Amino acid sequence: MPTLNRAKKRKKALEKIINIIENSSHTLGIHYSCESFYDIPNGRTPRITSIAVRYLTTGQTKSFSIHKVAELRNVPFENIEEKYNELEKEMLNDFYNFVRQHLSFEWVHWNMRDINYGFEAIEHRFSVLGGTAVTINDEKKIDLSRYLVDIYGLKYIGHPRFQKLVEFNKITSKDMLAGAEEAEAFVAKEYVKLHQSTLRKVDCIQTILERTANGTLKTESGIFDKFGFSPQGIAEMIKENWILGLLWTLITLILGGYIGSLFS
C-alpha cells in the first residue's frame with residue numbers, strides 16, 4: 001500500500017466504522033458456522049449449521065440453527081443427519097424471511113465474502129436445496145476484517161486474525177471454537193456447541209467494532225503501520241494523539257523562536 005494513500009485509507013475506514021456505531025439502529029452483525037469446506041470429498045458446498053444475527057443497538061440476537069428446527073419438528077437427535085437437507089432448507093428459509101425484512105440494514109461480518117465462506121455460499125446452499133435466496137446489496141455488507149487492515153495496517157495482528165485479536169484484547173471468548181474445532185464439532189454432530197460458538201463470535205464482532213470506533217482496540221501495529229510515512233500521515237498521527245500534538249506544538253514554538261532570533 002503506497003504510503004501516500006495510507007493515511008487517506010485509514011481516515012476513510014475509521015470514519016465508516018464510527019458512522020456505523022452512530023447509526024447502529026440500522027446495523028446488524030452476522031456470523032455463521034458450517035461444515036468444513038476442506039474435507040468434502042465430492043466437492044459440494046458445505047452444509048450450513050447455524051447463523052446468528054445481532055442487532056447492534058440492543059444486543060439482541062436472532063439465531064437460526066439445525067438443532068432448533070429439529071426440536072420444533074420433533075426430529076430425534078439421532079435422526080438429524082438423515083433429515084439434514086430438509087432441516088437445513090427450513091432453517092435457511094427462516095433466515096431469508098428475516099433478511100427480506102432487513103434489506104435496508106447494513107450487515108457487519110468477518111470475511112464472509114466468497115463462495116467458500118460468505119453470503120454467496122449461504123445463497124448457493126439454499127438454491128441447491130431448492131430455495132430462492134434474497135440477495136443483500138453488496139454496498140450493505142461491511143467486512144470488518146478488511147476495514148481493520150485499512151485502519152491498522154496488514155501487520156496489525158497474527159493469523160488467524162479473529163481469534164488472535166480476541167485473545168490480544170482479552171475479549172470474552174467462552175464457547176468460541178477455532179475453525180478446526182468447528183469442523184471437528186460438525187463431524188461429532190455437536191450442533192449445539194457449533195451454535196454457541198456462532199453466538200459468541202457475533203458478540204465478539206460487535207465488541208471489536210465498538211473498540212475500533214472508540215479507539216481502545218489493541219493491535220500489534222507500529223505507528224507507521226497505521227499512518228504511513230507521509231506529510232498527511234504525520235498530520236493525522238498528530239491529530240489523533242494529544243501527546244504528539246503537544247510535542248509538535250512545543251517543537252514548532254521552539255523552532256519559531258529560534259528562527260525569529262536569527263533575524264532579530
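Here is a short chat about the empty spaces in this predicted model.

Trainee: How much space lies in the largest pocket?

Mentor: Start with who surrounds it: 30 residues line the largest pocket. The space they enclose comes to about 880 Å³.

Trainee: Which residues of that lining lie nearest the centre of the largest pocket?

Mentor: The lining is a mix by class, with 14 nonpolar, 9 polar and 7 charged residues. Go to the centre of the pocket, and the nearest ones are Trp110, Asn111, Tyr117, Pro160 and Gly179.

Trainee: Which helices and which strand each supply at least two residues of the lining of the largest pocket?

Mentor: Gly179 is one of the residues nearest the pocket centre, and helix H7 spans 179-187. With at least two lining residues from each, the full set is strand E1 (27-34), helix H5 (144-152), helix H6 (161-168) and helix H7 (179-187).

Trainee: What is the volume of the largest cavity?

Mentor: A cavity has to be 30 Å³ or more to be counted here, and the count is 1. The volume of the largest cavity is about 40 Å³.

Trainee: Which element gives the most to the lining of the largest cavity?

Mentor: The lining is Phe95, Tyr96, Phe119, Ile122, Glu123, Val134 and Ile136. Two or more of these come from helix H3 (84-100), and likewise from helix H4 (119-128). The top contributor, with 3 residues, is H4.

Trainee: How many charged residues are in the lining of the largest cavity?

Mentor: By class, 6 of the lining residues are nonpolar and no polar ones turn up. Glu123 is part of that lining, and Glu counts as charged. The charged count is 1.

Technical notes: Residues are numbered from 1 along each chain as its sequence is written. This is a predicted model: local features need pLDDT of at least 70, side-chain atom pairs count only at pLDDT 80 or more; totals for chains, interfaces and linings use all residues. Side-chain values use heavy atoms; hydrogens and water are left out. On a 1 Å grid over the protein atoms alone, a cavity is a set of points where a 1.4 Å probe fits but cannot get out, and a pocket is an open set with protein on both sides within 12 Å along at least five of seven lines; lining residues have an atom within 4 Å of a point. Grid points are joined across faces, edges and corners, and a volume is the space filled by probe spheres set on the points. Helices (H or I, at least four residues) and strands (E, at least two) are DSSP runs, numbered from the N terminus.
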